[in-house]
Amino acid sequence: MRVALFLAGCAAASASNVYAVRGANEKHSFQADCDSFRHKINVPDAVVHSVTYVPAGANISMADNPSVCSSGGAGDTSSTFEFCRVSLNVTTSAKSQIFMEAWLPSNYSERFLSTGNGGLGGCIQYSDMIYAAQYGFATVGTNNGHFGDTGVYFYNNKDVLKDFAYRALHTGVVVGKSITKQFYAKDFKKSYYLGCSTGGRQGWKSVQDFPEDFDGVVAGAPAFNFINLINWGARFFPTTGNSSADTFLSTAQWGTVHSEIMRQCDDLDGAADGVVEDPDLCQPVFETLLCNSTESDSSSSCLTAMQVNSVNTIFSPLYGNDGSFLYPRMQPGSEPLAAFIYYGGTPFAYAEDWYRYVVYSNPKWDPAAWTLNDAAAANSQDPYEISTFNGDISAFRKSGGKVLHYHGLEDPIITSESSKVYYKHVADTMNLSPSNLDEFYRFFPISGMGHCSPGNGAGSIGQGQSTFVNNDPKDNVLLAMVQWVEKGIAPEFVRGTKLNGTTVEYRRMHCKYPKHNKYVGPGSYRDEDAWKCV
């Protein structure tokens, strides 16, 4: 596991180690503390399932993890660190409860961290727990109130929906902090959050509604403006139709669209490197792909007028029946993966679930029949303000909190344009310029990054286990946040790495919004010093 390589440098991220200072004869006192901890846990409305000592080198067993959750990115991984693993259920209402785990490492750094979830959020992100706990964070994660990446549990149960919207994460934080205090001789000094996608929305929900929960929040590719994200996802199937529709594009034709986008946009940043550095500059004209009189309409190298209309719709914002803005366009550059996720001739599963089990409580609702009237119906509900689009985060600012927001510019699931819209929304709501926002809120668009993970460019920024490069805060957004909160050194850029296996192909310094990268030379585009934030 590549993430194990950073253990030698963990001291840079640790304030202290409350067990390492003990003598060799007390080496196993951590295990003794863990073995006896179950009988000391005092958490209201909780049922403790297990408290297990996990030594370094042992498998982190997922035997009790439901099959619908697979392994949360962990598998039966061999642990590179020693920790005490606590699992429990916490009742949140008469009709709902959360499952959660707390991982309490022996190299405790006097820091607490909560992880988030993904999709419709019913699985603990164990890979994020491994990532954070190895750094000495007392780390927690929950199942967000249900098991499985599905909305079926929301059907006729608003309590489970409430857990998903906000209550599960906040409850896990409250309980996790209590368990941390009960286990260690020293309380935590700082509290952090790490999450992406749904986890990004959860982080922002904490910023907006629970400003005292965290000192530092790392939120990636947030699923905020959640209801309109659902509406946006629902629009794709009626737009393209199924694979036999005249409006449908084949995978090969989406390849043609992508090639044309790159032809028109790749070098707008000054370098032809296979990456659209700033999608704001990319406004493709797709009529260039119309089949002429000598080409067959079935050719993969050109499109019919109806197909071009589908493409133009996809790369245009979504507006409501009354002309109000709902959601931005899909950013160009994400087509190779989005073609399978959104444009493959089948409904988007999350949108289908939301309408069936939340909006209409009708499991037979037909996603092919979606219209803007449905969007209006969904927006009229916004249960528990799950949209997470409050632009006033002054309470978080007042609390001294910091938020590092990032979004991949090749994201095929949540368009990065949404993050730019929210940033502007905060600036306008709070009447703050970017230089004022910099005090507590910094947003980094990451070119060449997909959805929370690397894409075609330098998309590894230390946002998780699979994207670890090193312990330099410039290359590691989690450690950049720690440095910002604890030393007052705010990140001026986030440096991404293009990895080929474990080999570094090149690095690029990603600019703090609203600046963007421009190639100025004189070296290769692979030279990070050949780029300038403008």
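Is Gln 31 buried, partly exposed or exposed? Let's start there, and keep in mind that what we have on screen is a predicted model. Gln 31 sits in helix 1, which covers residues 29–35. With a relative accessibility of 27%, Gln 31 counts as partly exposed. If you look across from it, you'll find Tyr 53: the two are 22 residues apart along the chain, and their C-alpha atoms are separated by 6.0 Å.

Okay, on to helix 5, where I'd like to spend some time. Helix 5 runs over residues 226–240, and one of its packing partners is helix 10, residues 372–379. Two packed helices are described by the angle between their axes and the distance between those axes. For helix 5 and helix 10, the angle is about 160° and the axes are 10 Å apart. Anything over 145 degrees counts as roughly antiparallel, and that is therefore how helix 5 and helix 10 run relative to each other. Their crossing is right-handed.

So who touches whom? On the helix 5 side we have Ile 227, Asn 228 and Asn 231, and they meet Ala 375, Ala 378 and Asn 379 of helix 10. The residues of that contact split into three nonpolar and three polar, with no charged ones.

Now the other partner, helix 9, residues 349–359. Helix 5 and helix 9 pack at about 115°, and their axes are 8 Å apart. This crossing is left-handed. From helix 5, the residues involved are Phe 226, Ile 227, Ile 230, Asn 231, Gly 233 and Ala 234, and on helix 9 they meet Tyr 350, Ala 351, Trp 354 and Tyr 355. Here the count comes out at eight nonpolar, two polar and no charged. If you compare the lists, Ile 227 and Asn 231 turn up in the contact with helix 10 and also in the contact with helix 9.

While we're on helix 5, have a look at Trp 232, which is also in this helix. How much of it is accessible? The relative accessible area is 0%, so Trp 232 is buried. Leaving out neighbours within four places in sequence, Trp 232 is in contact with Leu 318, with the run Tyr 327, Pro 328, Arg 329 and Met 330, with Tyr 342, and with Ile 413, Ile 414 and Thr 415. Take Met 330 from that list: Trp 232 and Met 330 are 98 residues apart along the chain, and their C-alpha atoms are separated by 9.3 Å.

Moving along the chain, next to Thr 415 in number comes Ser 416, in the loop between strand 12 and helix 12. Ser 416 has 1% relative accessibility, so it counts as buried. Beyond residues up to four places away in sequence, Ser 416 touches Gln 331, His 407, Gly 408 and Leu 409.

That brings us to helix 12 itself, residues 417–430. Its 14 residues reach 20 Å from first C-alpha to last, close to the 20 Å expected at 1.5 Å a residue. Which of its residues are buried? They are Glu 417, Ser 418, Ser 419, Lys 420, Tyr 422, Tyr 423, Val 426, Ala 427 and Met 430. And what covers them? The cover includes helix 4, strand 11, helix 11, strand 12, helix 13 and strand 13.

After helix 12 comes Asn 431, in the loop that leads to helix 13. Asn 431 isn't a glycine, yet phi is positive here, near 55°. With a relative accessible area of 69%, Asn 431 is exposed.

There's another residue of that kind: Tyr 384, again with a positive phi near 55° and again not a glycine. Tyr 384 is in the loop between helix 10 and helix 11. At 31% relative accessibility, Tyr 384 counts as partly exposed.

Last stop, backbone geometry further along. Which residues flank the cis peptide bond with omega about 15°? Those are Tyr 513 and Pro 514. Pro 514 lies in the loop between strand 15, residues 503–511, and strand 16, residues 517–519. Then there's the peptide bond from Gly 521 to Pro 522, also cis, with omega near 5°. Pro 522 is in the loop between strand 16 and strand 17, the latter being residues 531–533.

Technical notes: Residues numbered from 1 in each chain as written. Predicted model: local features only at pLDDT ≥ 70, side-chain atom pairs only at ≥ 80, totals over all residues. Heavy atoms only, no water. Axes fitted to C-alpha atoms, helices over the stretch in contact; angles between N-to-C directions. Helix = DSSP H or I, 4+ residues; strand = E, 2+ residues; numbered from the N terminus. Parallel < 35°, antiparallel > 145°, perpendicular 65-115°, else oblique. Left-handed = near helix turned anticlockwise from the far one by under 90°. Contact = heavy atoms within 4.5 Å. Nonpolar A, V, L, I, M, F, W, Y, C, P; charged D, E, K, R; others polar. Expected span 1.5 Å × (residues − 1). Buried < 20%, exposed > 50% of the residue type's maximum accessible area, 1.4 Å probe, protein only.
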